[in-house]
Amino acid sequence: MTSLTTREREVLGLLGTGLPNRLIARRLDISERTVKAHLHNIQDKLGVESRLQAALAAVLHHGNICPHRN
């Protein structure tokens, strides 16, 4: 998880809560297209093939993604 940027961690954290791209974009005040780009990068960096696998990684590794929220 250390290779993720701060913004990628934010996107991944919100993905782990079950939010769709549209609401992630609104919450972070970015475009939905930017969210999709971040998710693509996240999937590449985590070595996962799907949004679901990325969301599971977010839930399983929440402490590493959002250490200030434990």
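**Entry 1: His38**

I started with His38 and looked up what it touches in this predicted model. Leaving out residues up to four places away in sequence, I found His38 in touch with Arg7, Glu8, Val11 and Ile30. His38 itself sits in helix H3. Is His38 buried or exposed? Its relative accessibility is 16%, and the cut-off for buried is under 20%, so I put His38 down as buried.

**Entry 2: helix H1**

Two of the names on His38's list, Glu8 and Val11, came up again when I checked which residues of H1 are buried. I wrote down the full set: Glu8, Arg9, Val11, Leu12, Gly13, Leu14 and Leu15. That makes seven buried residues out of ten, so I noted H1 as mostly covered.

**Entry 3: how H1 meets H2**

A reminder to myself: a pair of packed helices is described by the angle between the axes and the distance between them. I looked up both for H1 and H2. Their axes come within 10 Å and cross at roughly 130°. What do I call that arrangement of H1 and H2? Angles over 145 degrees would count as roughly antiparallel and 65 to 115 as roughly perpendicular, and 130° fits neither, so H1 and H2 are oblique to each other. I also noted that the crossing of H1 past H2 is right-handed. On the H1 side, the contact is made by Arg7, Glu10, Val11, Leu14 and Leu15. On the H2 side, Ile24, Arg27 and Leu28 take part.

**Entry 4: the nonpolar core**

Next I wanted to know which residues have the most contacts inside the largest nonpolar core. They are Val11, Leu12, Leu15, Ile24 and Ile42, in a core of 16 residues. Four helices each supply at least two residues of this core: H1 (6-15), H2 (21-28), H3 (32-46) and H4 (51-60). H1 gives the largest share, four residues. I jotted the general idea beside this: in soluble globular proteins, nonpolar side chains tend to be buried together.

**Entry 5: two residues of H2**

Asn21 is in helix H2, and with a relative accessible area of 13% it is buried. What does the side chain of Asn21 make a polar contact with? It pairs with the side chain of Arg51, at 2.5 Å. Skipping neighbours within four places in sequence, I listed Glu32, Val35, Lys36, Leu39 and Arg51 as being in contact with Asn21.

Leu23 is also in helix H2. Its relative accessible area is 29%, so I marked Leu23 as partly exposed. I checked how far Leu23 is from Val35: twelve residues in sequence, and 9.8 Å from C-alpha to C-alpha.

**Entry 6: Asp29**

Asp29 belongs to the loop between H2 and H3. I looked up its phi and got a value near 55°, which is positive in a residue other than glycine. With 71% relative accessibility, Asp29 counts as exposed.

**Entry 7: the chain overall**

I finished by stepping back. How many helices and strands are there in the chain? I noted five helices and zero strands, and along the sequence the pattern reads α-α-α-α-α. Of the 70 residues in the chain, 36% are buried. My last look-up was about contacts between residues at least 6 apart in sequence: 50% of them join residues at least 24 apart.

Note on methods:
Residues numbered from 1 in each chain as written. Predicted model: local features only at pLDDT ≥ 70, side-chain atom pairs only at ≥ 80, totals over all residues. Heavy atoms only, no water. Core = buried A, V, L, I, M, F, W, Y, C linked by side-chain atoms within 4.5 Å. Buried < 20%, exposed > 50% of the residue type's maximum accessible area, 1.4 Å probe, protein only. Polar contact = N/O pair within 3.5 Å; in protein donor to acceptor, adjacent residues only side chain to side chain. Contact = heavy atoms within 4.5 Å. Axes fitted to C-alpha atoms, helices over the stretch in contact; angles between N-to-C directions. Parallel < 35°, antiparallel > 145°, perpendicular 65-115°, else oblique. Left-handed = near helix turned anticlockwise from the far one by under 90°.
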